[in-house]
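Please work through the exercises below with the sequence and the structure open beside you. Each exercise sets a task and is followed by a solution in steps.

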Amino acid sequence: MVPVISSLAVSLLLAALDQTIMSTALPTIARQLGGYQDLSWVIVSFMLASSLATPLFGKLSDMYGRRKLYLWSLVLFLLGSALCGLAPSIQQLLVFRALQGAGAGGLIVLSMAIVADVAPAAERAQWQGVFGAVFGIASIGGPVAGGLLTDYVSWRWIFFINLPLGAAAILLAARNLHLPRRVSPHRIDYPGMAALASLVTTLTLLSSWAGTTYSWASPVIIGLAATGLGSLIALILLERKAAEPVLPPRLFTNRTFLLATITVALVGVAMWSATTFLPLFLQLASGTDATGSGLLMLPLLGGMTLSSALGGRLVSRIGRYRPVVLAGTALATAAMTALAAMNTDTSTLLTSAAMVLFGLGIGVIYQNLLVGAQATTAAGDLGAATSTISTARGLGGTVGIALLGAVFTTRLNTRLPAATSSASSSADSPYAIHQGLDHATRSAFADSIATVFLLTAIVLTTAFALSWLLPNTSLSAK
C-alpha cells in the first residue's frame, strides 16, 4: 500500500503545485518571453484544461479502468512540463501549459479514485488525509518554491524539476499499482462532454474576465453568461438521456454526494479567498514585503498539513466522517470571522493565530467529504463521483474568487483617496501598488479585504449548515 500511495502522492503534489507555483515567476517570464498582455493565460490555460480533463478522465476510468489512464496522465503531464521548460515564446508556453493542465486534471481525479479502489472505506480517510496535506503544501508552498527557483536557478526549472519526480512516480506505479480490470459496455457521451466543456470554459472565462478585462455589463460578459446558462440546461437534458453519461444524474439523487459537492464548492471559495487576499493584506495593509508575506503564510500551511493528516487518522479510528467535517467547518468559520476583524493595527501574532486555526479547520473538510461521498457511491461511478467533487472545488474557487475580487475592487474604489483610486483602476490594478502607502490608504486596503473575509465567513457558515444535513454514515460497515 505504501509504495502505491507514495506514487499517487508524488504525482498529486506535482499536479497541485503547478496550479500555484507560476504566480511568482510570471513577471520574469514576461520579461524574457514578452507578451505581458497574455500573461494571465499562463495560469488560466492550465486551469481550464485541468477543469475540462477532470470529469473526462473520471468517467473514462469508470469505463476502461484507472491504471493505464493514470500512467498516461503522468506521461502527458511530464511531456507538457518538458515542452513548457523549452518554450521559446509566450504563445507556445500557453499551448504547452494547456497540455500540462490536461495531464494534471487526470492525475488529480485518478489519484483520489484509485485510493477508493485499493483501500477499504474505513481506511480511506487516513490516506485521503495524506492527500489533503499534499494540497495544503502545494497551495502555500507553490509560490514560495516558484520564487526560489526563479530567483536562484531559472523559471524553466519550475517545469524541469517535474521530470525526475514524475519518472519516479511512473516506476513506482508500474511496479506496484495493480488494479482489477474493469469490463463495461462502452458508449462515450460526446454531446454531454461537449456541453460540460462549454460550461466549464464559459465559467472560467467569466471568472477571469468579468470586472477586469471587461465590465460586468459588457456584451462579452453577458454573452458568456448566456452561453453558460444554455450549456448548463443542455447538459442537464443530455445527461438525462445518455446511455453512459459523463455526469450520471443518479449521483445527484444521492443525498450525501449532493451535499458534499455543494459544500466542497463553498470550501473552495474560502480556500482561494484566504490564499489570495491574505498575502494582499500582509503586503498592502500591514506593510510586509513579498517574501515576508509568503513566509507569514506558513502558519496556514502548517495548520492544513497537520489537520489533514491527523483528521484522516481520526476518521479512520472512529469510522465516521461527519463529526470531523462539522468540527472543521465550525473552526474555519470562526477563524475567518476573526480575520474579518483585522485592521492595520492587528498584530502579526494574532493574524498568524487566526491563520493556524483556519488551516486546522479547512484541512479536514475536503478529503473527508470525498471519503463520505465515495462510501455511498456505487463502484462503477467512483471515477465520475470523484471527478465531479474535484471539479466543484475548482470551479467554486475560481468563480467565488472572481466575485469576491469584484467586491474588493468596488469597496476599495469607494475608500481610497481620489488619486490612489484612479491609479488602482488603471492597468496596474490595486495588486501592483507597492510599499510607501500612507495610513489612510493602508486602512482602505484593510477595510476592503475585511469585507471580503466577512463574506467568506458567511460562505463558510453556509457550508457548516449543510454539513449538519449530511447522513452520519458509518464507514466501518462499507
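Two helices count as roughly antiparallel when the angle between their N-to-C directions is over 145 degrees. The model used in these exercises is a predicted one.

**Exercise 1. Helix pairs**

Task: Determine how helix H14 and helix H19 are oriented relative to each other, and give the handedness of their crossing.

Solution: Begin with the geometry, in which the axes of helix H14 (residues 322–340) and helix H19 (residues 439–468) come within 8 Å and cross at roughly 165°. Next, compare that angle with the cut-off of 145 degrees; H14 and H19 are therefore roughly antiparallel to each other. Finally, look at the sense of the crossing, which is left-handed where H14 passes H19.

Task: Describe how H4 packs against helix H5 and against helix H8.

Solution: Two packed helices are described by the angle between their axes and the distance between the axes. For helix H4 (residues 67–86) and helix H5 (residues 90–118), the angle is about 150° and the axes are 8 Å apart, so H4 and H5 are roughly antiparallel. Their crossing is left-handed. For H4 and helix H8 (residues 162–176), the angle is about 165° and the axes lie 10 Å apart, which makes H4 roughly antiparallel to H8. H4 passes H8 in a crossing that is left-handed.

**Exercise 2. Aromatic pairs**

Task: State how many aromatic pairs a search of the whole structure finds, and then examine the pair of Trp 155 and Phe 159.

Solution: The search of the whole structure gives six aromatic pairs. In one of them, Trp 155 and Phe 159 meet edge-to-face, with 6.3 Å from centre to centre and 90° between the planes. To place these residues relative to the surface, turn to relative accessibility, where the cut-off for buried is under 20%. Trp 155, at 1%, therefore counts as buried, and Phe 159, at 0%, counts as buried too.

Task: Examine the pair of Trp 157 and Phe 160, and decide whether each residue is buried or partly exposed.

Solution: Trp 157 and Phe 160 also form an edge-to-face pair, with a centre-to-centre distance of 5.6 Å and an angle of 80° between the planes. Trp 157 and Phe 160 are three residues apart in helix H7 (residues 157–160), so they are separated by about one helical turn. Trp 157 counts as partly exposed because its relative accessibility is 42%, whereas Phe 160, with a relative accessible area of 19%, is buried.

**Exercise 3. Nonpolar cores**

Task: Identify the residues of the largest nonpolar core that touch the most other members, and find the helix that gives this core its largest share.

Solution: The largest nonpolar core has 96 residues, and those touching the most other members are Tyr 70, Phe 277, Leu 278, Phe 358, Ile 362 and Phe 453. Helix H11 (residues 255–285) supplies the largest share of this core, with 15 residues. Apart from this core lies another of 16 residues, among them Met 22, Ile 90, Trp 155 and Ile 158. Returning to Phe 277, note that it forms one aromatic cluster with Phe 408 and Phe 445.

**Exercise 4. An enclosed helix**

Task: Explain why helix H16 can be described as largely enclosed by the rest of the structure, and find the charged residue that lies over the face of Tyr 366.

Solution: In helix H16 (residues 366–375), 10 of the 10 residues are buried, so the helix is largely enclosed by the rest of the structure. The buried residues include Tyr 366, Asn 368, Gly 372 and Gln 374. Over the face of Tyr 366 lies Arg 393, at 3.9 Å from the ring centre.

**Exercise 5. Separation along the chain and in space**

Task: For Asp 117, Leu 48 and Ala 9, give the helix of each, its burial and a C-alpha separation.

Solution: Asp 117 is in helix H5 and is partly exposed, with a relative accessible area of 28%. The C-alpha atoms of Asp 117 and Ala 379 are separated by 8.4 Å, although these residues are 262 residues apart along the chain. Leu 48 lies in helix H3 (residues 41–64) and counts as buried at 15% relative accessibility. Leu 48 and Gly 101 are 53 residues apart along the chain, and their C-alpha atoms are separated by 7.6 Å. Ala 9, found in helix H1 (residues 2–20), is buried, with a relative accessible area of 15%. Ala 9 and Ser 111 are 102 residues apart in sequence and 7.8 Å apart in space, C-alpha to C-alpha.

Note on methods
Residues are numbered from 1 along each chain as its sequence is written. This is a predicted model: local features need pLDDT of at least 70, side-chain atom pairs count only at pLDDT 80 or more; totals for chains, interfaces and linings use all residues. Side-chain values use heavy atoms; hydrogens and water are left out. Rings of Phe, Tyr and Trp (its six-membered ring) pair if their centres lie within 6.5 Å; planes under 30 degrees apart count as stacked, over 60 as edge-to-face and the rest as tilted. Buried means under 20% relative accessible area, exposed over 50%, partly exposed in between (1.4 Å probe, protein chains only). Helices (H or I, at least four residues) and strands (E, at least two) are DSSP runs, numbered from the N terminus. A charge sits over a ring if NZ of Lys or CZ of Arg is within 6 Å of the ring centre and within 35 degrees of the ring normal. A nonpolar core is a set of buried Ala, Val, Leu, Ile, Met, Phe, Trp, Tyr and Cys residues joined through side-chain atoms within 4.5 Å. Axes are lines fitted to C-alpha atoms, for helices over the stretch in contact, and angles run from 0 to 180 degrees between N-to-C directions. Angles under 35 degrees count as roughly parallel, over 145 as roughly antiparallel, 65 to 115 as roughly perpendicular and the rest as oblique. A crossing is left-handed if the near helix is turned anticlockwise from the far one by less than a right angle, and right-handed if clockwise.
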